[in-house]
Amino acid sequence: MSKIYISPSILSADFANLERDIKLVENNGADWIHIDVMDGHFVPNITIGIPVVKSIKQVTKLPLDVHLMIENPEKYIEDFANAGADIITFHYEAVAQSHSELDSESIKNIIKQIKSFGVKAGLSIKPKTSPEVLYPYLKDLDLVLVMTVEPGFGGQKFMEDCAEKIPQIKSNAPENLIIQVDGGINDVTGKICTLNGANSLVAGNYIYKSDDIKKAIDSLR
């Protein structure tokens, strides 16, 4: 079986002790650090921005997995890349209001923009979006992120029907594409996702609210 990349979401960390909580998952087997960036427009919440990503980069050796839940992501790609993002994932819905040729080119251009900084490029879809919208971009992407909750807040319940998108994407994707899942992930829902073909899991509450961080991370594999 291929490696499962575990990316703990710092949305569930203690922001007053962010360095401590990042080290906690780093020392207990995490592969990446997942950073949720929300702007209060694309999703109804505001989290952290470029200065915090820059600070996080200085306290961890792990790759920074930056998930942009923001409007106009192309305006901020360079800043997040310069701040130390190793993976930048943006939302299909933030760019394409309709599946037109213009929107298709816009998405391709953002993927190129991300890669021009030597950063891995990811594209995400919300629960109500069909996986088919991703197909034109799969060969250009490093990662696809399937949301299994409505983006905006941590601690939501896993939407199992969203996991059905994973094998559809996998059957149309290059072998090396990382299929990541985010939303309501725990040892049970994580297994549903990996059995469907996912090879990266984002988990916040399940990891950070666990009495045994290492055991929680290991259980997702």
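**Entry 1. Lys3 and Asp31**

I began with Lys3, which forms a salt bridge with Asp31; the closest N and O atoms are 2.9 Å apart. I note here that the model is a predicted one. I then looked up where the two partners lie. Lys3 belongs to the segment before strand S1 (5–8), whereas Asp31 sits in the loop between helix H1 (18–26) and strand S2 (33–38). The pair thus links distant parts of the chain, 28 residues apart.

I checked the accessibility of each partner. Lys3 has 45% relative accessibility and counts as partly exposed. Asp31 has 14%, and because the limit for a buried residue is under 20%, Asp31 counts as buried.

**Entry 2. Asp31 and Arg221**

I asked which other side chain Asp31 meets in a salt bridge. The partner is Arg221, at 2.5 Å from N to O. Arg221 lies in the segment after helix H9 (213–220) and Asp31 in the loop between H1 and S2, so this pair ties together parts that are 190 residues apart in sequence. For Arg221 I recorded a relative accessible area of 39%, which makes this residue partly exposed.

**Entry 3. The network around Arg221**

I followed Arg221 to a further partner. Asp218 forms a salt bridge with Arg221, with 3.9 Å between the closest N and O atoms. This distance falls inside the cut-off, because a salt bridge requires the nitrogen to be within 4 Å of the carboxyl oxygen. Asp218 is partly exposed, its relative accessible area being 35%.

I then put the pairs together. A network of salt bridges links Lys3, Asp31, Lys214, Asp218 and Arg221. For the model I noted a count of ten salt bridges. As background, side chains of opposite charge can pair when their charged atoms come close.

**Entry 4. Val181**

I turned next to Val181, whose place is in strand S7 (residues 178–182). Is Val181 buried or exposed? At 0% relative accessibility, Val181 counts as buried.

I listed its contacts, not counting residues up to four places away in sequence: Val181 touches Leu145, Val146, Thr148, Ile166, Cys193, Ala198, Ser200, Leu201 and Val202. I also took the C-alpha separation of Val181 and Cys162, which is 9.4 Å for two residues 19 places apart along the chain.

**Entry 5. Nonpolar cores**

I looked up the largest nonpolar core and found 62 residues in it. Those with the most contacts inside this core are Ile10, Ile35, Val66, Ile88 and Ile107. I followed one of them, Ile35, outward. With neighbours within four places in sequence left aside, Ile35 is in contact with Ile10, Ile48, Val53, Ile56, Leu64, Asp65, Val66 and His67.

Apart from the largest core lies another, of seven residues, including Leu143, Met147, Val149 and Ile178.

**Entry 6. Pockets**

I examined the largest pocket, which has a volume of about 340 Å³. Its lining comprises 28 residues, of which Gly154, Gly155, Asp182, Gly183 and Gly184 are the closest to the centre. I asked which elements each supply at least two residues of this lining. They include S2, strand S3 (64–69), strand S8 (200–203) and helix H8 (205–208). By class, I recorded twelve nonpolar, 13 polar and three charged residues in the lining of the largest pocket.

The second largest pocket has a volume of about 160 Å³. Of its 13 lining residues, Ser2, Lys170, Glu175, Gly197 and Asn199 are the closest to the centre. The lining of the second largest pocket divides into seven nonpolar, four polar and two charged residues.

**Entry 7. Two loop residues**

I looked up Asn72, which is found in the loop between S3 and helix H3 (77–83). Asn72 has a positive phi of about 50°, although it is not a glycine. With a relative accessible area of 33%, Asn72 is partly exposed.

I closed with Asp140, located in the loop between strand S5 (120–125) and strand S6 (143–147). Asp140 counts as partly exposed, at 27% relative accessibility. Leaving aside neighbours within four places in sequence, I found Asp140 in contact with Ile111 and Lys115. The C-alpha atoms of Asp140 and Gly122 are separated by 9.4 Å, and the two residues are 18 apart along the chain.

How values were computed: Residues numbered from 1 in each chain as written. Predicted model: local features only at pLDDT ≥ 70, side-chain atom pairs only at ≥ 80, totals over all residues. Heavy atoms only, no water. Salt bridge = Lys/Arg side-chain N within 4 Å of Asp/Glu carboxyl O. Helix = DSSP H or I, 4+ residues; strand = E, 2+ residues; numbered from the N terminus. Buried < 20%, exposed > 50% of the residue type's maximum accessible area, 1.4 Å probe, protein only. Contact = heavy atoms within 4.5 Å. Core = buried A, V, L, I, M, F, W, Y, C linked by side-chain atoms within 4.5 Å. 1 Å grid on protein atoms, 1.4 Å probe; cavity = no way out; pocket = protein on both sides within 12 Å on 5 of 7 lines; lining within 4 Å. Points joined across faces, edges and corners; volume = space filled by probe spheres on them. Nonpolar A, V, L, I, M, F, W, Y, C, P; charged D, E, K, R; others polar.
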